[in-house]
Amino acid sequence: MSCVNNSTNNGKIVFFSGEDIPLEMHKVRMVQRIQLLPVQERLAAIREAGSNTFLLRNRDVFLDMLTDSGVNAMSDNQYAAMLRADDSYAGSETFYRLSEVLQDIFDTRYFLPAHQGRACENIIANAFIKPGSVTVMNYHFTTTKAHITRLGGTVLEVLGDASLEIDSDLPFKGNLDIAKLEKTVNEAGDNMAFVRIEAGTNLIGGQPVSLQNMREVSAFCRKRGIMLVLDASLLADNLYFIKTREEECRDRPLADIVKEIASLMDVIYFSARKLGCARGGGIMTNSEKLFKKMRDFVTLYEGFLTYGGMSVREMEAIAVGLRETLDINVINQTPIFVEALGKELQKRGIPVVTPFGGLGCHVDASRFVDHIPQEEYPAGALAAAIFIASGVRGMERGTMSEQRNPDGSERLSEMELVRLAVPKRVFTLSHMRFVADRLGWLWENRKLIGGLKFEEEPETLRFFVGKLKPINDWQERLAEKFAKDMPNGI
Ligand SMILES: *Cc1c(COP(=O)(O)O)cnc(C)c1O
């Protein structure tokens with residue numbers, strides 16, 4: 001493999017030794033200090049946080065792998081752009097610059113700014129959902145579903161049957177099953193509100209949707225006159241997988257692929273906390289009618305139409321960040337690190353979602369702690385245990401992240417995952433090795449991990465601020481064992 005063509009190899013630099021590890025095509029010019037607390041202090045911190053990693057203080061966290069939202073490293077050019085932001089309530093030049101970039105990249109005429117992804121979802125739900133409305137999607141996201149159900153709508157999912165298998169070699173587990181889509185749409189009849197495709201399907205392990213599947217879904221929706229919405233928050237990772245896993249796209253420029261994707265959709269929205277590596281969001285469409293249906297909700301909930309609740313500095317950074325997203329050496333950063341971490345975990349026998357997706361490495365809690373029943377939140381318990389063992393903050397993506405059924409019973413999640421998110425350009429390879437090392441220790445001591453129960457349970461999106469308690473003293477016993485096994489208790 002001495003002669004590697006950059007275009008067909010997607011820019012990947014190959015090591016002479018054959019070693020397969022990520023290589024960063026950027027250098028680090030600003031750093032932030034982090035500290036690793038001793039295990040007894042980590043134990044105290046997670047107890048104080050009600051065993052909920054969302055409630056930890058950042059100063060107690062060693063590696064923050066909670067999410068990629070708003071914490072990707074920005075480029076020098078993004079910081080530079082922030083300085084020329086044009087602050088005005090109405091008609092800011094910054095708005096026009098961002099609109100132009102969006103129009104350039106997506107070929108869409110109308111842009112509605114909003115302060116983050118869920119704000120876009122709020123606007124879309126207010127414009128198109130009424131009691132009884134049905135929405136159909138590959139898979140729900142927490143905030144998407146909450147906005148739709150709050151207004152009396154229903155969310156139905158049409159993933160392929162094999163998409164929920166943890167061990168898989170299916171390249172596009174995020175694909176919608178067209179037969180299921182058709183059946184579900186037929187049953188919904190006049191209540192059909194819209195079909196939504198979530199790029200980089202978040203809750204099933206950052207799994208991508210193929211361009212071919214988007215074409216098929218779009219053709220179906222156009223034939224049936226149904227609005228098609230793309231959640232492009234995780235489009236960067238998804239693009240990387242389209243480019244590397246979809247044969248016909250290997251030599252196609254990224255800009256071209258994005259334009260085709262956009263041409264298949266009626267409405268596109270995104271969280272710029274993820275796509276564009278800054279903080280904000282927005283909705284794009286080519287339809288004046290749809291634009292006008294959504295517009296008033298922007299001025300009502302977000303702010304004037306030329307900033308939509310965002311800081312103009314962030315808008316400048318988004319504009320540059322979006323352009324940078326069309327570079328394979330930018331969008332590969334999460335997937336190649338996820339793969340590097342995933343392989344290290346696999347070497348230790350730890351069950352992870354495969355194929356490796358975007359967003360983060362997803363540990364299968366249903367097997368890691370198979371002795372904990374779903375009613376005791378195995379993924380939440382594992383996330384707390386990981387923090388005790390490593391100071392690494394992951395996120396529960398399982399039953400805790402579900403809403404209870406209307407009758408108050410638990411809605412058991414289809415997957416129990418702990419997500420170790422890999423924000424772009426933030427961590428190094430030795431950080432990934434540290435995570436794998438500590439999880440290796442935890443895997444050998446997994447029987448010490450016990451379940452959790454809610455002490456304080458909010459009705460909506462309970463995983464954010466709910467407080468839990470361990471069912472017994474397992475957290476103390478885990479910390480004691482760690483202190484015994486590690487020479488200095490760190
Ligand atoms: C994060 C996310 C959202 C919500 O975006 P926020 O900016 O966090 O409000 C919506 N959809 C997907 C797929 C996401 O990953």
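In this predicted model, Asp104 and Arg323 form a salt bridge in which the closest N and O atoms are 3.3 Å apart. Asp104 belongs to helix α3 (residues 93-106), while Arg323 belongs to helix α11 (residues 312-324), so the pair ties together parts that are 219 residues apart in sequence. This salt bridge is one of 35 that the structure holds.

Turning to the ligand, the second largest pocket is where the ligand sits. The shell around the ligand consists of 15 residues, of which Gly117, Arg118, Asp231, Ser271 and Lys274 come nearest. By character, the residues of this shell divide into 7 polar, 6 charged and 2 nonpolar. Helix α4 (residues 117-128) supplies the largest share of the shell, namely 3 residues.

The table lists side chains that place a polar atom at a short listed distance from an oxygen atom of the ligand.

| Residue | Side-chain atom | Ligand atom | Distance |
|---|---|---|---|
| Gln116 | polar atom | oxygen | 2.9 Å |
| Arg118 | N or O atom | oxygen | 2.7 Å |
| Lys274 | N or O atom | oxygen | 2.7 Å |

On its own, the ligand has 380 Å² of accessible area, and the protein covers 98% of that area. Arg118 and Lys274 thus appear twice in this account, since both are listed among the residues that come nearest to the ligand, and each has a side-chain N or O atom 2.7 Å from an oxygen atom of the ligand.

How values were computed:
Residues are numbered from 1 along each chain as its sequence is written. This is a predicted model: local features need pLDDT of at least 70, side-chain atom pairs count only at pLDDT 80 or more; totals for chains, interfaces and linings use all residues. Side-chain values use heavy atoms; hydrogens and water are left out. A residue is near a molecule or strand if one of its heavy atoms lies within 4 Å of it. A polar contact is a pair of N or O atoms within 3.5 Å; within protein, one must be able to donate a hydrogen and the other to accept it, and residues adjacent in sequence count only if both atoms are side-chain atoms. Accessible areas come from the Shrake-Rupley method with a 1.4 Å probe; for residues, only the protein chains shown count as cover. On a 1 Å grid over the protein atoms alone, a cavity is a set of points where a 1.4 Å probe fits but cannot get out, and a pocket is an open set with protein on both sides within 12 Å along at least five of seven lines; lining residues have an atom within 4 Å of a point. A molecule sits in a cavity or pocket if more than half of its atoms lie within 2 Å of its grid points. Helices (H or I, at least four residues) and strands (E, at least two) are DSSP runs, numbered from the N terminus. Ala, Val, Leu, Ile, Met, Phe, Trp, Tyr, Cys and Pro count as nonpolar, Asp, Glu, Lys and Arg as charged, and the others, Gly among them, as polar. A salt bridge is a side-chain nitrogen of Lys or Arg within 4 Å of a carboxyl oxygen of Asp or Glu.
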